[in-house]
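Work through the exercises below with the model open. Try each task before reading its solution.

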Amino acid sequence: MQRAGLIERLHPPLLNLALTAGKLAAKSGIRAYLVGGIVRDLMLGRPCVDVDLAIEGDAVKLAGQMAQKLGARLTVHKAFGTASLKIDDFNVDMATCRSEIYRCPGALPLVSPGALQDDLKRRDFSINAMAVSVNAPDRDVLTDFFGGRRDLSQGLIRVLHNISFQDDATRMMRAVRYEQRLGFKLERGTARLLKRNLDMLDTISGDRLKNELLLWLKEESCPAILRRASRLGITGKLHPALRWQRTMRSAFRRAYASNIVKTPHLFFCLLVYNLNEEQLYKLLARLNLTGSRLDLLSNQSLELRKKCRELAKPGLKRSKIYSTLHGYDSISIQTICCYAVIPTLRSNLALYLKELRQVKTSLDGNELMKMGLREGPRLGAILNKLLAARLDGAVQSKSDEIKLVRRLAGL
Ligand code: CTP
């Protein structure tokens, strides 16, 4: 029995947790294993914060015992027979080993309790299908039925069998995410299977596609993932017009080089920027995003694109820039900014984001009413003129504003 030397690489709180799981499991005569991403990341020396434990036995019961022993917060997902523990910043998911049968492509599988081997067999890639025992007598022994360790050392993403992508086509999106995150390559047969099974993405629900897409957008290597997914034909299955383009590369570069906050929302808007109204509508519907914040932001960007010519005019009054952009979310404006090549357009957008949108008048509606104006559209119009004058530097102080109001209102 050869020890893998992996458990000792765990962060002390996680090590304590794994050892506790092992001791409690041994006491109950069951077995506990670290599985999936944590084993892969331990082998690669990458940071681990999420731990998956697979239990040959009752995972929920063991989780309850661990929570009591460690004073951890426990959440039980009864419907799935799984439990999660939260200790400090670490999450531990515990599940009973299970075997899965896919009755039809894209549907969630039929699940029944199984042994470790069944549990590993149902997984996506060899590098995610390894386990390390945490209980005596074989603590720290690696189980690797599918050559995961070899593939890790060769930098390969390999499916476990020929119908893996038919069972679950989201694995195509996962494959690209791991490939680019780890600097790996799709194994040749896996790449062939992926290309051959692209149509299987049609069997996946909008919510699942959306979740996978958001995982792409959260990765550090997001642009590389999008480029690769586009070349493989994956983005084209989300919408035929969704593909990586040279302008997109420049827009992502500008986003990374700037000091704007890099959020998945921004990256989503950058990704869909080149779609027209109908294409965007269809994509959002396919991803079950209709009515979401991403729907709002991407449609705002689309609307703003039509205003670019106007916004690119040199010598534009600051109040004009303000009134054109006011009401749009900063993410939608940043999207336009990342794509903008005309210097005046970029500087006008940047001016709005950095300065103009913060500008306020000294007088507000209440003060105008104290001066004798009545509530209503006229008061609103005067406030707008006041703000425009502030923006354009025509008034600079409260007393300037009072004078202007008196003049405008004929007081
Ligand atoms: N898994 C799978 N097929 C999927 C989703 C998940 O086989 N469609 C398995 C993999 O073994 C994976 C594990 O479930 O390692 C946990 O899934 P997830 O949390 O998505 O992956 P991790 O590798 O743990 O985490 P990450 O992708 O964030 O590194």
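**Exercise 1.** Which helix or strand supplies the largest share of the shell around the ligand?

Solution. Some ground rules come first. This is a predicted model, where local features need pLDDT of at least 70, side-chain atom pairs count only at pLDDT 80 or more, and totals for chains, interfaces and linings use all residues. Residues are numbered from 1 along each chain as its sequence is written, and side-chain values use heavy atoms, with hydrogens and water left out.

Step 1: find the helices that each give at least two shell residues, H2 (37-44) and H7 (170-182). Helices here are DSSP runs of H or I with at least four residues, strands are runs of E with at least two, and both are numbered from the N terminus. Step 2: pick the main contributor. H7 gives the largest share, six residues.

**Exercise 2.** Describe the ligand's surroundings.

Solution. Step 1: list the neighbours. The ligand has 14 residues around it (a heavy atom within 4 Å). Arg40, Asp124, Asn128, Tyr178 and Arg181 come nearest.

Step 2: sort the shell by type. One residue is nonpolar, four are polar and nine are charged. Here Ala, Val, Leu, Ile, Met, Phe, Trp, Tyr, Cys and Pro count as nonpolar, Asp, Glu, Lys and Arg as charged, and the others, Gly among them, as polar.

Step 3: look for N or O pairs within 3.5 Å, the polar contacts. A side-chain N or O atom of Arg181 is 2.8 Å from a ligand oxygen. For Asn128, a backbone N or O atom lies 2.9 Å from a ligand oxygen. For Gly37, a polar backbone atom is 3.3 Å from a ligand oxygen.

Step 4: check the cover. The protein covers 69% of the ligand's own 570 Å² of accessible area (Shrake-Rupley, 1.4 Å probe).

**Exercise 3.** Find the unusual backbone geometry.

Solution. Step 1: recall that most residues other than glycine have a negative phi, and most peptide bonds are trans. Step 2: inspect the loop between E4 (82-87) and E5 (90-96), where Asp88 is placed. Asp88 is not a glycine, yet has a positive phi of about 50°. Step 3: move to Pro137, in the loop between E8 (131-133) and E9 (142-143). The Ala136 to Pro137 peptide bond is cis, with omega near 10°.

Technical notes
Polar contact = N/O pair within 3.5 Å; in protein donor to acceptor, adjacent residues only side chain to side chain.
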